[in-house]
Amino acid sequence: VAAAALKAGIERVSHNWMMFLLLLCVCFGTLTSSVLGLDFRYQNTREVEEYLKAVNKNYSSITYLHSIGKSVEGRDLWVLVLGKFPYEHKVGIPEFKYIANMHGNEPVGRVLLLHLIDHLTSNYNTDPTVTSMINNTRIHILPSM
């Protein structure tokens, strides 16, 4: 029984991981924008912070925004957590961490992660795949390091 439960858990995590990668590809391919007005362009640090705060305010039941520290320039390093339980770790719920823009000359990752946030939040409770991902995983997104 324990082996079957472990196998089922591993299969669920694998399925969720594959669905998340699929959504990343969809997000990149469709370049949709939500009501928050996220354009497919480079957002500066102030715009990223404003966007993350707006998302956290508008989707407070599934998001948690917090700073994990400061950059070498003294800027907050914002992480947006998405999930059914965004404020706390729950045993049995897989967690994923996505970090972009580690180097200043790599802006594409930042833009893609912002659009991933947009896609996940704007399609929660309307797209069954997105809803399942949010309800069954905890996703940590650091758009700019």
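Is Ile117 buried or exposed? The relative accessibility of Ile117 is 0%, and buried means under 20%, so this residue counts as buried. The following paragraphs lead from the whole protein to the sheet, and then back to this residue and others. The structure is a predicted model, and the values discussed here are computed from it.

The protein contains 4 helices and 4 strands. Along the sequence, these elements follow the pattern α-α-β-β-β-α-α-β. Of the 145 residues in the protein, 39% are buried. The accessible surface comes to about 8,200 Å², and carbon and sulfur atoms account for 60% of that surface. Contacts may also be sorted by separation along the chain: among those between residues at least 6 apart in sequence, 68% join residues at least 24 apart.

The next element to consider is the sheet. Strands of a sheet pair through backbone hydrogen bonds, either parallel or antiparallel. In this protein, 4 strands form an open sheet in the order 1-2-4-3, and the pairing is mixed. Strand 1 (63-70) and strand 3 (95-99) are the edge strands, each of which pairs on one side only. From one strand to the next, the twist averages 20°.

The mixed pairing can be followed strand by strand. Strand 1 pairs with strand 2 (residues 76-83) in the antiparallel sense, over 6 bridges. Within this pairing, Tyr64 has Val81 in strand 2 as its bridge partner. Strand 3, by contrast, pairs with strand 4 in the parallel sense, over 5 bridges. Here the bridge partner of Ile99 is Leu142, in strand 4.

Strand 3 also shows how side chains can alternate along a strand. Phe96 and Tyr98 point to one face and are buried, whereas Glu95, Lys97 and Ile99 point to the other face and are not buried.

Which helix packs on the sheet, touching strand 1, strand 2, strand 3 and strand 4? Helix 3 (residues 107-122) does so, and its direction makes about 145° with that of strand 4 (138-142). Ile117, the residue of the opening question, lies in helix 3. Leaving aside neighbours within four places in sequence, Ile117 is in contact with Tyr51, Leu52, Val55, Leu80 and Ile141. Leu80 falls within strand 2 (residues 76-83), and Ile141 falls within strand 4 (138-142). Ile117 and Thr63 are 54 residues apart along the chain, yet their C-alpha atoms are separated by 10.0 Å.

Thr121 is also found in helix 3. Its relative accessible area is 3%, and therefore Thr121 is buried. Not counting residues up to four places away in sequence, Thr121 touches Val55, Tyr59, Thr63 and Leu82. Val55 thus appears among the contacts of both Ile117 and Thr121.

A further buried threonine is located in helix 4 (residues 128-136), at position 131. Why does Thr131 count as buried? Its relative accessibility is 14%, and buried means under 20%, so Thr131 meets the criterion. Apart from residues up to four places away in sequence, Thr131 touches Asn123, Tyr124, Asn125 and Thr126. One of these residues, Asn125, also takes part in a specific approach: the side chain of Thr131 reaches the backbone nitrogen of Asn125 at 2.7 Å.

Notes. Residues are numbered from 1 along each chain as its sequence is written. This is a predicted model: local features need pLDDT of at least 70, side-chain atom pairs count only at pLDDT 80 or more; totals for chains, interfaces and linings use all residues. Side-chain values use heavy atoms; hydrogens and water are left out. Two strands pair if DSSP finds at least two bridges between them. Helices (H or I, at least four residues) and strands (E, at least two) are DSSP runs, numbered from the N terminus. Axes are lines fitted to C-alpha atoms, for helices over the stretch in contact, and angles run from 0 to 180 degrees between N-to-C directions. Contact means heavy atoms within 4.5 Å. Buried means under 20% relative accessible area, exposed over 50%, partly exposed in between (1.4 Å probe, protein chains only). A polar contact is a pair of N or O atoms within 3.5 Å; within protein, one must be able to donate a hydrogen and the other to accept it, and residues adjacent in sequence count only if both atoms are side-chain atoms. Accessible areas come from the Shrake-Rupley method with a 1.4 Å probe; for residues, only the protein chains shown count as cover.
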